[in-house]
Number of protein chains: 2
Amino acid sequence: MALPSLARYCHFKHHWTFPRVHIKCQRRVLSVWSRAAPQSKSMKRTTALKRGMLVPSPQWSTNYLVGRYLHATQHQLQEVMLTSERYGVQRLPFATVSDADLSFFKHLMPGRVITDSEELKAFNVDWLKSVRGCSKVLLKPQTTVEVSEILRYCNERNLAVNPQGGNTGLVGGSVPVFDEIILSTALMNQVISFDSVSGILVCQAGCILEHLNQYLEELDFIMPLDLGAKGSCHIGGNVATNAGGLRLLRYGSLRGTVLGLEVVLADGTVLNCLTSLRKDNTGYDLKQLFIGSEGTLGIITAVSILCPRKPRTVNLAFLGCTGFSQVLKTFTTCKGMLGEILSAYEFMDNECMELVKRHLKLASPVAESPFYVLIETSGSNSSHDEEKLSDFLEHVMTSNLVKEGTLASEDKKIKALWSLRERITEALTCDGYAYKYDICLPVERIYDLVTEMRSRLGNSAKNVVGYGHLGDGNLHLNITTESYSHALLDAIEPYVYEWTSKHRGSISAEHGLGFKKKCFINYSKPREAVLLMQQFKSMLDPKGILNPYKTLPSKVI
Amino acid sequence: MALPSLARYCHFKHHWTFPRVHIKCQRRVLSVWSRAAPQSKSMKRTTALKRGMLVPSPQWSTNYLVGRYLHATQHQLQEVMLTSERYGVQRLPFATVSDADLSFFKHLMPGRVITDSEELKAFNVDWLKSVRGCSKVLLKPQTTVEVSEILRYCNERNLAVNPQGGNTGLVGGSVPVFDEIILSTALMNQVISFDSVSGILVCQAGCILEHLNQYLEELDFIMPLDLGAKGSCHIGGNVATNAGGLRLLRYGSLRGTVLGLEVVLADGTVLNCLTSLRKDNTGYDLKQLFIGSEGTLGIITAVSILCPRKPRTVNLAFLGCTGFSQVLKTFTTCKGMLGEILSAYEFMDNECMELVKRHLKLASPVAESPFYVLIETSGSNSSHDEEKLSDFLEHVMTSNLVKEGTLASEDKKIKALWSLRERITEALTCDGYAYKYDICLPVERIYDLVTEMRSRLGNSAKNVVGYGHLGDGNLHLNITTESYSHALLDAIEPYVYEWTSKHRGSISAEHGLGFKKKCFINYSKPREAVLLMQQFKSMLDPKGILNPYKTLPSKVI
């Protein structure tokens with residue numbers, strides 16, 4: 001760890017916790033220091049250490065980038081109960097894969113038809129190890145034409161198909177329930193074009209989000225979305241699930257940034273709406289129906305997406321708050337004072353912090369607080385941004401909204417701080433079986449659900465934690481136990497959905513419905529809407545071969 | 001006009017055209033002045049005038065707010081040729097309104113059923129005076145229940161319905177082609193709720209855009225869209241046509257900002273998807289299908305929309321450029337240097353300027369140039385924004401990208417400068433019959449179409465002008481003649497669409513297809529997409545009663 005950046009990092013920490021009058025942007029703080037008493041960088045560091053400041057623990061520089069990678073080595077593949085057994089699902093009357101079918105696929109894609117049961121294991125189980133199918137065939141097409149041929153054939157043969165991207169979904173949408181053929185986009189990973197004037201990227205669906213971001217960063221652009229699973233997730237899967245993530249507050253949802261899609265329909269028809277135009281009002285916007293449809297209406301094969309310029313300067317503040325009302329007030333203040341440079345406003349409770357400390361050996365950069373807030377700014381002028389941030393921090397500290405905080409402007413430190421928030425999901429999987437809820441609520445009520453659930457479940461749960469994208473009103477409520485328990489599930493559901501519905505929230509803000517939540521759609525959508533969705537499904541996929549058992553309930557509610 | 005603001009305004013102008021080294025933000029410029037020689041405000045004004053500076057002409061303060069108001073007095077209602085005759089359209093076999101039907105409507109909505117032929121005239125003709133229907137009934141519901149009752153009845157009786165908002169559309173989508181019943185949202189003009197923490201507004205479809213903006217401004221928010229027709233257009237119509245406008249560059253399209261819709265389907269079913277949540281991934285996003293469907297799939301009765309905070313500081317630069325390549329380079333520079341505060345980048349050619357000068361008596365604030373650019377910044381810190389803008393302007397002036405410019409930061413002056421761009425549409429209607437094209441193209445090719453068209457048409461056109469939202473790649477190509485000529489239309493179409501298609505553009509960036517462009521959809525959408533759209537239409541409106549003859553061609557292309 002280079003000293004200058006550490007010194008810079010530490011000084012902030014120091015100035016925040018002690019002489020509050022000195023809370024100023026980095027440049028100003030350094031000038032205060034130099035005016036007070038000239039010190040070498042190592043001296044400054046020693047002074048800071050002596051004053052009891054927390055120094056980032058060594059694992060920050062080694063562990064923080066692990067993230068949600070598929071088949072990560074730290075989790076052994078345990079035998080997960082079959083979804084069909086755990087949930088008592090009946091298989092629909094699809095055909096089963098025959099030798100003749102395998103011959104067809106092998107002829108179409110030599111060497112890219114996987115039938116080895118060991119190799120198939122990881123594709124049959126979700127990342128959370130919560131659902132498991134028993135597919136015997138995995139196909140790895142490389143082109144849209146191949147996807148089209150596969151679907152045309154499967155539709156004729158009445159074979160069910162489970163599209164799969166990075167398999168990082170959290171609602172059981174990305175793995176088969178029974179023996180559906182898995183169609184992986186892993187080999188559809190080519191960038192088709194990038195226009196540096198407009199910032200429009202066109203690429204195949206299987207490109208990994210982080211790879212795209214790295215590719216763009218070299219060209220002075222970034223992807224408009226960012227999420228914890230970025231190291232594994234595919235852009236096609238992101239679009240198919242309408243992924244939200246960390247940058248939504250700033251760059252908006254995929255419904256605005258996705259400009260075009262190429263989709264293969266259930267019968268193999270290729271729908272080419274892969275335009276690269278910022279505006280296009282010629283007829284109905286068909287691509288929107290596929291965004292967030294979780295592979296049930298068509299398979300996305302290519303994406304055209306509007307990418308913002310890489311911000312010249314990024315700052316991240318990690319703050320401790322004494323209560324949730326302070327978290328909310330800090331948010332309102334922040335929207336007003338940081339305005340156009342605010343790019344993320346995330347929160348986590350102390351229970352989350354305890355989990356990442358315990359299971360991932362990460363260290364908190366600030367003293368223990370009931371809540372923590374991450375505020376990211378991105379802008380084009382570092383001194384302007386630092387001044388805005390400094391004014392804001394001064395205000396929230398002097399108003400006692402924030403107890404303590406630390407600030408980073410160097411890339412490595414920013415990533416280290418972000419990892420505390422991004423790796424909560426991973427820490428939860430280490431804690432046992434995690435019951436996951438992804439709720440959107442009016443921001444004022446967002447934490448009430450965690451408090452209520454904690455008191456409702458008492459000792460029957462190991463941990464009840466809350467974190468999420470507060471700027472978007474999006475709470476991730478997670479409940480852990482040593483192992484899956486049907487009784488505990490009954491204590492949580494449908495209570496959590498009823499509570500959400502009562503407060504006019506959404507029972508799935510960004511994760512989708514997948515397999516696990518499909519039967520609860522009526523808590524967020526009226527009957528007329530669900531009926532219409534079912535009509536769309538019937539129209540586009542009359543045999544229902546695309547990702548069956550997902551997204552919509554099979555019967556009218 | 002208050003002197004201080006004029007002085008401020010003038011000084012900018014002065015410093016730009018003379019000592020370029022002084023191009024600095026307002027604060028700096030004023031300090032330069034005071035250091036040079038203390039002067040009173042009136043003295044400063046006199047000095048500026050003596051130096052030959054252009055002072056805004058008097059009409060700036062009186063005329064600039066006229067805009068695209070419905071039934072504006074300056075245009076008498078002339079007899080416009082019937083659409084059915086001009087275009088040779090065959091009436092579809094809908095029922096005609098009987099006395100019994102009128103009785104039903106009068107009983108449902110006493111005093112809000114208009115049958116007076118004089119009163120109906122304005123609702124049968126579009127704002128451009130280019131298409132005309134012959135409806136004999138205008139209904140003015142106040143509630144969603146009334147709209148539902150009307151549609152249920154009309155669907156049963158096979159009566160065609162033409163939904164109408166502010167009737168400011170430019171493609172003939174808002175007026176009947178034959179005798180369709182006009183359903184006006186004019187009386188559905190109530191704000192339902194506004195949440196000042198989230199910035200989410202819920203209102204009825206008939207609220208006028210400008211009224212909503214005024215309402216929000218008092219609460220320190222603004223609407224995420226702004227367009228020339230704001231004084232008349234309804235938010236429901238904006239959503240139904242997926243209106244783009246001047247703020248799209250900054251706040252994105254309605255596909256991202258509209259959070260929920262309430263829609264009445266053809267059979268009277270009320271589809272309540274009026275959620276007020278930033279994120280909601282429960283099933284397919286049905287509302288997207290109605291955004292931009294021009295009233296052909298359902299009638300939007302209420303809208304939930306995410307509104308941004310009112311920027312604390314707004315600046316507008318009006319610049320003259322010597323060529324289109326300079327306009328493009330200025331844009332690229334601007335995106336890099338203004339970054340997050342850039343809120344609009346518009347352009348107009350000198351032919352447009354000549355039209356607003358001639359027909360609307362507006363004065364240009366800068367010396368004649370082949371092209372003009374309007375750059376708006378919106379931000380949270382005036383000194384930061386002015387510094388960024390100042391650095392940018394210094395750069396483009398010293399690089400000879402910009403010949404001359406003027407800057408405004410006072411609301412009245414900003415509006416006056418904006419009116420030059422916003423009132424081009426109005427000036428075009430004064431120039432004669434206007435053939436209007438709303439094209440989206442890769443930004444580098446955007447003006448080539450104007451140049452080609454100008455040379456193709458020669459003297460057969462009165463004027464061929466280009467302007468638009470350059471930041472979005474959106475060109476408004478307009479061609480005027482003294483009166484409508486079929487021969488000229490043949491010279492323009494399908495050439496303009498073929499050219500656009502060849503360059504992979506959209507033949508309707510933001511105006512929609514309405515009546516006039518529906519047959520050209522295949523220039524921007526593949527056959528499979530049009531077929532699917534027709535299937536959606538058949539599913540949602542089997543009898544085709546909703547806004548017939550619009551958006552989609554009646555036959556498969």
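How many residue pairs are in polar contact across the interface of chain A and chain B?

1. The rule finds 38 such pairs across the interface of chain A and chain B, with both residues at pLDDT 80 or more. Note that this is a predicted model.

2. On the side of chain A that touches chain B, the elements giving two or more residues are α11 (248-251), β8 (270-273), α13 (287-290), α14 (324-338), α16 (382-398) and α22 (527-540) of chain A. The largest share comes from α22(A), with nine residues. By residue class, this side of chain A divides into 32 nonpolar, 32 polar and 21 charged.

3. Contact involves 85 residues of chain A and 85 residues of chain B. The two chains bury about 6800 Å² between them. Carbon and sulfur atoms account for 58% of that area. Three residues stand out: A:Lys279, A:Asn281 and A:Tyr284 supply 15% of the area that chain A buries against chain B, more than any other three residues.

4. Salt bridges also cross the interface of chain A and chain B; the rule finds eight. As for a single pair, the side chains of A:Glu510 and B:Lys279 meet in a salt bridge at 2.9 Å, N to O.

5. Turn now to helix α8 of chain B. Helix α8(B) covers residues 144-157, 14 residues in total. From first C-alpha to last, α8(B) reaches 20 Å, close to the 20 Å expected at 1.5 Å a residue. Buried residues in α8(B) are B:Thr144, B:Glu146, B:Val147, B:Ser148, B:Ile150, B:Leu151, B:Tyr153, B:Cys154 and B:Asn155.

6. One backbone detail to check: B:Asn158, just after α8(B), takes a positive phi of about 60°.

Terms used:
Residues numbered from 1 in each chain as written. Chains lettered and ligands numbered in written order. Predicted model: local features only at pLDDT ≥ 70, side-chain atom pairs only at ≥ 80, totals over all residues. Heavy atoms only, no water. Helix = DSSP H or I, 4+ residues; strand = E, 2+ residues; numbered from the N terminus. Expected span 1.5 Å × (residues − 1). Buried < 20%, exposed > 50% of the residue type's maximum accessible area, 1.4 Å probe, protein only. Contact = heavy atoms within 4.5 Å. Buried area = accessible area lost by both parts, 1.4 Å probe. Salt bridge = Lys/Arg side-chain N within 4 Å of Asp/Glu carboxyl O. Polar contact = N/O pair within 3.5 Å; in protein donor to acceptor, adjacent residues only side chain to side chain. Nonpolar A, V, L, I, M, F, W, Y, C, P; charged D, E, K, R; others polar.
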